[in-house]
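Biologist: I am new to this structure and would love a close look at a single part of it. Could you take me through one piece slowly?

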Amino acid sequence: GRSQAGEVYIVFGGSTWSFPFDLAFLNATQGVKIQGASAGDNLGTSISIVSDMNGDSRLDLILSAYQADPLGRSGAGIVYLLFGRSSWPAIIDLSNITQSEATIIYGASVGDNLGSLIIEVSDMNGDGKSDLLLSAYAASPLNRTYAGIVYLLFGEAIVSISSSSSSSSSLPSSNVNSNSIFISIDFTIVS
């Protein structure tokens, strides 16, 4: 098992609901279970429905696993941008997510906790796409312990990355499916 990997549930609207509604018995006609990729990821810390980020005319879903360990960076955090779709499987396992299904955003440093807060904002740079604010509240920029960092990711950049093709040799071998696309946040801060 994946202890504390976290799960997120999408429950489809309907005219009738059982009372109580028990997620242990969720089926494909009622909704989707999204499973965290690795033990300790804590998927679901922050969740948001966002505008169409990849140009397919469907709303997208962004969710965080703020305790995830991408590329061996313990607690750096991962944010998943899942693309909307016309039909959903009963279960989505984030350890097997592909480039056609999502963009994966990795935290920059050990302990950053990327994705502790996720907010969609209006188009900040005039590219016609909504943008995303991602917090890494425990980041320590310029040796300022736990000062935190907020990243502004431009929508057009996310669309370009998610629609580009990558060879599997350019992807990291740890914690990512060979068909996935990812963004590794590694900025140099200039004061």
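How many residues of strand 5 (residues 78-82) are buried?

Modeller: Happy to help! First, a word on the source: this is a predicted model, in which local features need pLDDT of at least 70 and side-chain atom pairs count only at pLDDT 80 or more, while totals for chains, interfaces and linings use all residues. Residues are numbered from 1 along each chain as its sequence is written, and side-chain values use heavy atoms, with hydrogens and water left out.

Now to your strand: 5 of the 5 residues in strand 5 are buried, so the strand is mostly covered (buried means under 20% relative accessible area, exposed over 50%, partly exposed in between, with a 1.4 Å probe and protein chains only). Strands here are DSSP runs of E with at least two residues, and helices are runs of H or I with at least four, numbered from the N terminus. Ile78, Tyr80 and Leu82 point one way from strand 5, while Val79 and Leu81 point the other way.

Strand 5 has partners, too (two strands pair if DSSP finds at least two bridges between them). With strand 4 (residues 60-65) it pairs in the antiparallel sense over 5 bridges, and Val79 is the bridge partner of Ser64. Strand 5 also pairs with strand 7 (residues 102-106), again antiparallel and over 5 bridges; there Val79 stands opposite Ile105.

Next come the cores. A nonpolar core is a set of buried Ala, Val, Leu, Ile, Met, Phe, Trp, Tyr and Cys residues joined through side-chain atoms within 4.5 Å. The largest one has 18 residues, and Tyr80 and Leu82 are among those with the most contacts inside it. Strand 2 (31-35), strand 4, strand 5 and strand 7 each give two or more residues to this core. A second, separate core of 17 residues includes Val79 and Leu81, along with Ile62 and Ala139. In soluble globular proteins, nonpolar side chains tend to be buried together.

Leu82 is worth a pause. Leaving aside neighbours within four places in sequence, Leu82 is in contact (heavy atoms within 4.5 Å) with Ile34, Asp60, Leu61, Leu63, Leu94, Ile97, Glu101 and Ala102.

Finally, the wider setting. The protein has 1 helix and 11 strands, in the order β-β-β-β-β-β-β-β-β-β-α-β along the sequence. Buried residues make up 39% of its 191 residues. Among contacts between residues at least 6 apart in sequence, 56% join residues at least 24 apart.
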